[in-house]
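Biologist: I'm new to this one. Could you put it on screen and walk me through it?

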Amino acid sequence: MVDVLIHGGEVSDGHGGPLVRADVGIDNGQIAFVGRSDGIWATSRIDATDQIVCPGFIDMHSHADLALLNDPASRPKVEQGVTTEIIGNCGWGPAPISPDHRIDWRRAAAPALGDPDVDWSWTSFGDYIDLLRAREPGVNVASLVPHGAVRHTVRGMDAGPMSAGELEQMCQLVDDAMSEGALGLSGGLVYPPGVYAETAEFVELARVVGRRGGLLTLHIRNYGRRLVDAVDEALSIARQAQVRLQISHMSIIGSRNDGVLPLAIERIEQAHAAGLPVAFDQQPYEGACSILSLLLPGWVTEGGIDATSGRLAEPESRARLAEEWMSPVPVDPWWENYVGHIGWNNILIVGTSELVPDDAKLVGLTIAEAADARGSSPAETTMDLWLAHGGAVTIVLRELFSRATVETIFKHPMCMVETDAVHIEGLPHPRLYGTYPRVLGEYVRERQLVTWGQAVAKMTGMPATEFGLQGRGFIEPGMAADVVVFDPAEVHDNTTYLTPHRRPTGINHVLVNGVVAGTAGAGRVLAGPARRTE
Ligand SMILES: [Zn+2]
Ligand SMILES: [Zn+2]
């Protein structure tokens with residue numbers, strides 16, 4: 001007798017091999033058996049005839065840190081088959097936070113995390129995790145400790161190297177977070193304040209994480225012409241700190257840089273062959289989602305929101321910036337000129353703050369179109385929008401990556417699938433609703449880039465192993481019953497950049513810990529390695 005019997009389906013177990021015809025029995029939140037179910041009674045049955053039964057998808061790069069407090073059922077993720085979300089990515093996250101910096105950090109993080117109506121009452125990473133647990137999420141959740149939040153707590157938005165005392169304070173905050181259940185440390189080396197951190201700062205912090213069995217994930221310093229340098233920096237941090245490394249959302253910006261990608265991948269393969277545990281992930285779209293500040297070079301953003309506003313209000317800086325956007329060779333060697341790569345026609349405004357409610361009408365327009373509507377130039381419009389919203393404008397960069405490079409990265413055996421989705425009002429990137437169905441429908445069924453088993457492994461077993469999620473990610477007896485049943489003939493996403501809020505087709509059953517995913521309290525808050533051993 002079991003609680004649930006999934007019968008008649010083809011099982012893809014998360015290891016990457018071929019489909020196997022088997023029934024799956026679930027009892028007490030765990031997988032009880034995989035095989036024949038003759039003579040076994042079940043309280044409820046799921047007919048999986050002509051369907052694939054696989055582990056629940058692990059969104060190993062989510063930005064739902066605040067969204068989960070507001071919508072613990074995590075509907076857009078559950079509908080696409082996600083049963084575990086890993087938050088705290090790219091250096092962004094709500095904790096730790098110093099009470100003095102709370103308002104600033106909430107403002108700075110809004111374009112990356114959204115700004116739902118939640119009471120920012122926590123201080124430590126552990127306080128925030130306790131609050132998350134109290135919200136009874138409908139999916140499993142685990143978190144990295146975000147470097148940006150740690151640095152902001154100690155130093156605010158000031159640029160420059162840390163004093164020894166400040167660095168020690170940061171190490172202590174990271175160590176505390178590990179004790180409180182963090183999986184590891186994330187960094188965002190293009191976003192303030194992560195952009196101000198030198199390599200040595202990350203080595204010190206990553207060493208703390210490595211000692212406590214965690215991993216380091218990095219939004220590296222450049223995804224364009226300096227991709228190889230940026231990958232080398234990340235590898236060198238991991239090597240010195242002796243820590244597992246996950247390079248976040250591997251990509252190459254702008255088709256003129258396509259030739260750089262194989263060199264960067266070769267560096268990662270060499271490091272791996274030499275014994276460094278390293279892997280990478282990808283959001284499977286040609287367009288990306290980010291914040292308006294991504295378009296600004298470091299000399300404009302240094303010092304935080306007020307300093308940036310000062311420069312953007314000043315005629316000489318405005319003229320210099322407008323000129324840099326047009327210049328083929330950026331002045332700042334690490335900065336990537338997105339405007340130069342894809343043009344104002346491919347930068348879509350998808351979210352604005354409530355500081356100027358009327359600007360909501362710009363959502364869905366490109367910056368070129370918004371400039372026309374305002375009788376201004378795209379450069380002036382961008383600077384004015386940044387000023388009016390204190391930078392809290394979210395953008396989609398269309399056609400940032402070529403189809404060929406997206407496919408090359410996706411097919412690589414070290415590459416896993418993530419959403420990197422940001423929960424904003426307005427028009428979120430379609431990956432918030434469609435990532436996993438898109439991979440299954442488009443990359444596997446239509447384009448046949450990898451097998452069903454390989455695709456499933458990239459979404460389940462590989463991230464479970466890389467992030468140390470014990471007892472999850474595989475369809476095997478004793479594993480937690482995080483299970484998806486989908487129709488391989490039908491599965492597809494239904495979203496576009498202008499109509500992202502659409503439910504996918506063909507994801508027919510999603511269970512988390514043996515219960516229908518999204519149900520209050522069905523998920524668990526998963527602890528990292530230091531917490532588990534304490
Ligand atoms: Zn990122
Ligand atoms: Zn991210």
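Biologist: Let's start with C415: is it buried or exposed, and what is its relative accessible area?

Modeller: Keep in mind that this is a predicted model. C415 is found in strand β19 (residues 415-417). Buried means under 20% relative accessible area, and C415 counts as buried because its own value is 0%.

Biologist: And which residues does C415 touch, leaving out those up to four places away in sequence?

Modeller: Look along the chain first: C415 and P463 are 48 residues apart, and their C-alpha atoms are separated by 9.6 Å. As for actual touches, with residues up to four places away left out, C415 has F280, D281, Q282, I409, F410, K458 and M462.

Biologist: I see zinc in there. Which residues coordinate the zinc ion (ligand 1)?

Modeller: In sequence its donor residues follow the spacing C-x128-H-x29-H, and the distances run from 2.0 to 2.2 Å. Put names to that pattern and you get C90 (SG), H219 (ND1) and H249 (NE2).

Biologist: Which residue coordinates both zinc ions, ligand 1 and ligand 2?

Modeller: The two ions are 3.2 Å apart. The residue in question sits in the loop between β9 (82-87) and α3 (102-113), and it is 129 residues apart from H219 in strand β13 (residues 215-219), so distant parts of the chain get linked. Like H219, this residue is buried. The one that coordinates both is C90.

Biologist: Now H389. Which side chain does it join in a polar contact, and at what distance?

Modeller: H389 lies in helix α15 (residues 378-389). It's classed as buried because its relative accessible area is 2%. Beyond four places in sequence, H389 touches T352, S353, L355, V356 and D359. The polar contact joins its side chain to that of D359, at 2.7 Å.

Biologist: What about the largest nonpolar core: which helix gives the largest share of it?

Modeller: That core has 139 residues, and L227, M250, L295, W325 and L397 touch the most other members. The largest share, 9 residues, comes from helix α8 (residues 227-241).

Biologist: How many residues are in the other core, the one lying apart from it?

Modeller: Among its members are I6, V11, I26 and I46. This other core has 17 residues.

Biologist: Last one: which residues is L295 in contact with, leaving aside neighbours within four places in sequence?

Modeller: L295 is one of the residues that touch the most other members of the largest core. With those neighbours set aside, its contacts are W325, W335, Y338, V339, W344, I347, I367, T382, I395 and L397.

Definitions and conventions:
Residues numbered from 1 in each chain as written. Chains lettered and ligands numbered in written order. Predicted model: local features only at pLDDT ≥ 70, side-chain atom pairs only at ≥ 80, totals over all residues. Heavy atoms only, no water. Donors = N, O, S within 2.8 Å, 3.2 Å for Na, K, Ca; no water. Helix = DSSP H or I, 4+ residues; strand = E, 2+ residues; numbered from the N terminus. Buried < 20%, exposed > 50% of the residue type's maximum accessible area, 1.4 Å probe, protein only. Polar contact = N/O pair within 3.5 Å; in protein donor to acceptor, adjacent residues only side chain to side chain. Contact = heavy atoms within 4.5 Å. Core = buried A, V, L, I, M, F, W, Y, C linked by side-chain atoms within 4.5 Å.
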